[in-house]
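The following questions and answers concern a ligand and the protein around it. Please examine the sequence and the structure first.

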Amino acid sequence: MPRSEAQKNVRFGKVAVNGKNCRDGGQQVVVGRDVVLFRGQVVRPTGHLLIMLHKPAGVITSTSDGGGPTVMSCIPDELNRKDLAPIGRLDKDTTGLLLLTTDGGLTHALTHPRRHVEKAYLATLSQPLPAEAVQRFAAGVELADGTLCAPALLEILSESQARVVLREGKYHQVKRMVAACGSSVTALHRERIGDLWLDPALQPGMARAVSLEELALLGLAWPGTDGAELAETTGESAEDDGVGDGLPQ
Ligand code: URA
């Protein structure tokens with residue numbers, strides 16, 4: 001709809017923001033926070049979306065719900081679009097930061113092995129890790145099946161907690177690295193991707209749009225590689241934690 005027509009519709013009182021009639025064409029709205037109605041119908045943002053979800057335990061990182069509830073069930077109606085998909089994957093029992101986007105170019109950029117985008121996890125351990133595990137992580141852990149991992153950071157926080165920072169994304173990687181060092185993970189939470197931390201205000205199961213300022217923390221320029229714009233009214237091959245490879249979660 002041309003801007004002039006949109007302004008006219010606002011002036012004629014056909015638009016409501018958060019349940020209140022809006023006649024101010026200059027009113028700012030935030031995608032994912034404000035609900036905009038036009039003639040009583042929810043207006044969905046155009047342009048690409050990037051969404052931050054605090055993934056709860058028990059939902060699958062998938063767009064189709066063959067095996068139970070998926071992360072898509074956590075996305076509010078006004079942000080949910082057919083082309084929205086998770087960037088990479090967290091296991092069903094893993095909680096924390098999960099990004100979803102409509103931009104395939106952005107997904108590719110963030111999951112491409114050569115980008116080495118950092119991901120930080122807080123792991124709860126069944127038993128203490130030996131101090132030497134720190135050096136093993138730094139050198140590159142060899143998994144039980146002989147797979148060699150890239151160097152990673154292990155910070156032993158206590159007998160039952162460790163922080164792991166990876167720059168790659170293999171299947172069940174944190175759990176398998178910890179197992180290779182003689183412990184096991186009883187709970188896993190992703191805290192950060194690049195320099196973008198999970199918003200502490202987001203309770204498990206809550207999602208919101210990522211701002212342009214936050215996008216910069218991912219170390220990527222927008223537009224993504226397909227050249228489209230982020231919907232915001234204010235201010236080699238993909239890694240094997242990618243979606244849709246048919247592996248159990
Ligand atoms: N590593 C794992 O083992 N599981 C996840 O969900 C993410 C990283």
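Q: How far is an oxygen atom of the ligand from a polar backbone atom of K175?
A: The model is predicted, with local features requiring pLDDT of at least 70 and side-chain atom pairs pLDDT 80 or more, while totals for chains, interfaces and linings use all residues. Residues are numbered from 1 along each chain as its sequence is written, and side-chain values use heavy atoms, without hydrogens and water. A polar contact with the ligand is a pair of N or O atoms within 3.5 Å. For the backbone of K175 and a ligand oxygen, the distance is 3.1 Å.

Q: Which residue has a side-chain N or O atom 2.9 Å from an oxygen atom of the ligand?
A: V174 offers a backbone N or O atom, 3.1 Å from a ligand nitrogen. The side-chain atom at 2.9 Å from a ligand oxygen belongs to T94.

Q: Why does the ligand lie between two domains, and which are they?
A: The bounds come from an automatic or database domain assignment. Both domains give residues to the shell around the ligand, so the ligand lies between domain 2 (50-114 + 199-234) and domain 3 (118-193).

Notes
Polar contact = N/O pair within 3.5 Å; in protein donor to acceptor, adjacent residues only side chain to side chain.
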